[in-house]
Amino acid sequence: MSILIIGAGHAGGAVAANLRQAGTDAPITIIGDEPYLPYQRPPLSKAWLKGDVAFSSVGLRPETYYAQRSISLRLDSRTVAVDRAARAVTLANGETLPYSTLILATGARARRLGLAGEELSGVHALRTIADADRVKTGLIAGQRFVVIGGGYVGLEVAASARLKGMDVVVIEREARLLARVASPPISAFMQQYHERQGVRFRLETGVTGFDVRDGRAAGVQLSDGTIVQADMVLVGVGAMPNTELAAAAGLACGNGIAVDLDARTSDANIFAIGDCTERPLPHYGCRARLESVASALEQARQAAAAICSTKAPVPEVPWFWSDQYDLKLQIAGLSIGATRIDVRGDAAQGKFAVAHFDERDRLCAVEAVNAPAEYMAGRATIGKERAV
Ligand SMILES: Cc1cc2nc3c(=O)[nH]c(=O)nc-3n(C[C@H](O)[C@H](O)[C@H](O)COP(=O)(O)OP(=O)(O)OC[C@H]3O[C@@H](n4cnc5c(N)ncnc54)[C@H](O)[C@@H]3O)c2cc1C
């Protein structure tokens with residue numbers, strides 16, 4: 001038996017460790033197309049941009065960890081095809097590697113706007129360490145930075161850039177920030193907090209192109225016909241799951257590679273974990289693609305348990321966090337099925353929580369700003385049958 005893991009990201013690194021912890025001594029190989037050991041992406045929009053963070057503090061584990069546990073790493077190697085009949089994968093260099101069990105942990109990539117000029121110097125996305133290093137080089141006090149997209153990554157980078165003394169404008173197509181992922185009270189609070197730090201917003205505004213000067217992006221053209229000048233632009237408009245390998249191999253895919261609660265795909269010998277999957281959410285009776293470390297780690301445990309025939313982990317309530325300035329936003333659960341919200345605490349004091357309830361008064365989700373006790377209490381209560 002040999003286990004191949006495609007993708008040396010958070011999920012890929014975690015599942016290799018989980019497999020060894022679960023007791024398998026099968027050969028394990030992780031194939032990753034980035035040149036780095038598996039690392040954490042959350043610091044890339046936060047600590048990595050703000051200071052001198054060494055790779056050792058974002059890497060999941062040191063190189064010796066993998067060597068000591070006979071986990072082989074094939075870095076800088078892209079997998080280009082999966083042959084399910086032959087149970088083998090092909091790498092970009094033409095090499096073929098056999099597997100008994102395959103784990104797809106291919107993650108997601110930054111979504112593009114699809115506009116001419118997006119490839120210009122001065123226009124960046126943020127998904128990898130290489131991206132973060134390019135953005136970091138452009139964080140220069142007094143220079144103009146336009147962030148396209150008022151989601152978590154856009155706002156975290158905006159906060160990091162303001163702390164560096166940049167002039168920051170965020171362009172958002174929707175009427176409020178974090179529209180897809182947070183409630184209106186959180187959106188309003190975040191907007192006010194950023195504005196107090198000097199960030200300017202253009203809401204309900206699309207981007208139609210880039211203003212080019214000397215082969216560089218010098219500004220962003222907006223749907224209202226105006227141009228916002230920029231020394232650097234970040235396109236932070238979400239992520240797309242890397243499902244191409246799975247789809248080409250004929251695996252069932254929806255908004256991600258379709259998996260069950262064992263993280264198993266439509267092929268019994270192939271598992272998929274992390275940002276590339278569309279997974280069941282047992283607390284909510286539906287399926288969705290989650291982009292979070294917590295979900296990637298949970299699915300890594302599910303896959304390892306199924307592969308090693310150990311006890312399946314108890315399904316977790318989804319959770320997420322975002323750090324901006326001195327704010328810690330923690331979210332437990334999803335507002336799917338919620339019919340009302342209740343705001344507790346005082347937003348003016350920068351410490352409050354928004355609780356989401358369904359029609360039977362059961363707690364579905366809690367969003368907490370600098371309120372860890374409310375977050376923890378909410379996380380423990382979500383999914384329980386009792387009304388709150
Ligand atoms: C800037 C940023 C900030 C974030 N902040 C937070 C946060 O605060 N909290 C939180 O919970 N989550 C956060 N996230 C999301 C979190 O990082 C992801 O949910 C997590 O990384 C998912 O892990 P993954 O292993 O599924 O995917 P990834 O970490 O994307 O890893 C997938 C890896 O597979 C590689 N790969 C893809 N295709 C192939 C192939 N064919 N061959 C070989 N290798 C391949 C990719 O290059 C990549 O290295 C953030 C993400 C970003 C980008």
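Colleague: Which side chains of strand β3 (residues 71-74) are buried, and which are not?

Modeller: This is a predicted model. In β3 the side chains alternate. Ile71 and Leu73 point to one face and are buried. Ser72 and Arg74 point to the other face and are not buried. Buried here takes 20 or more other C-beta atoms within 10 Å of the residue's own.

Colleague: What makes strand β2 (residues 28-31) and β3 a pair?

Modeller: Bridges. Two strands pair if DSSP finds at least two bridges between them. β2 and β3 have four, in the parallel sense. They therefore count as paired. One of the contacts is Ile31, whose bridge partner in β3 is Arg74.

Colleague: Now the three-stranded sheet. Why are β13 (207-213) and β15 (227-229) said to stand at the edges?

Modeller: The order is β13-β14-β15, an open sheet with antiparallel pairing. β13 and β15 each have a single partner strand, so one side of each is left without a neighbour in the sheet. Neighbouring strands are turned by 35 degrees against each other on average, direction ignored.

Colleague: How do you know that strand β14 (residues 216-222) and β15 pair?

Modeller: The cut-off is at least two bridges. β14 and β15 have three, in the antiparallel sense, so they pair. Val220 stands opposite Val228 in β15.

Colleague: On to helix α5 (residues 152-163). How does its reach compare with what is expected at 1.5 Å a residue?

Modeller: α5 has twelve residues. The expected span is 1.5 Å times one less than the number of residues. For α5 that gives 16 Å, and the helix reaches 17 Å from its first C-alpha to its last. The two values are close.

Colleague: How many residues of α5 are buried?

Modeller: Ten of its twelve, so by the 20-atom cut-off α5 is mostly covered. The buried residues include Tyr152, Leu155, Glu156 and Ser160. After α5 comes Gly165, whose phi is positive, near 85 degrees.

Colleague: Which phi does Glu204 have?

Modeller: A positive one, about 50 degrees, although Glu204 is not a glycine. Glu204 lies in the loop between β12 (200-202) and β13.

Colleague: Why is Glu204 called buried or exposed?

Modeller: Count the C-beta atoms. Exposed needs 12 or fewer others within 10 Å. Glu204 has 11, so it is exposed.

Colleague: And Ala263: what is its phi, and where is its place?

Modeller: Ala263 has a positive phi of about 65 degrees, and it is not a glycine either. Its place is the loop between β19 (256-258) and β20 (270-272). Ala263 has 30 other C-beta atoms within 10 Å. The cut-off for buried is 20 or more, so Ala263 is buried.

Colleague: Turn to the ligand. How many residues surround it, and which are the closest?

Modeller: 36 residues surround the ligand. The closest are Gly7, Gly9, Arg41, Gly107 and Gly274. The elements giving two or more residues to this shell are α1 (10-21), α8 (293-308) and β23 (319-324).

Colleague: What is the shell around the ligand by class?

Modeller: 16 nonpolar, 13 polar and seven charged residues. Gly counts as polar.

Colleague: Which domains give the shell at least three residues each?

Modeller: Domain 1 (3-109 + 240-308) and domain 2 (112-237). The chain also has domain 3 (326-381). The centres of domain 1 and domain 3, taken over C-alpha atoms, are separated by 31 Å.

Definitions and conventions: Residues numbered from 1 in each chain as written. Predicted model: local features only at pLDDT ≥ 70, side-chain atom pairs only at ≥ 80, totals over all residues. Domains from an automatic or database assignment. Near = placed C-beta within 6 Å. Axes fitted to C-alpha atoms, helices over the stretch in contact; angles between N-to-C directions.
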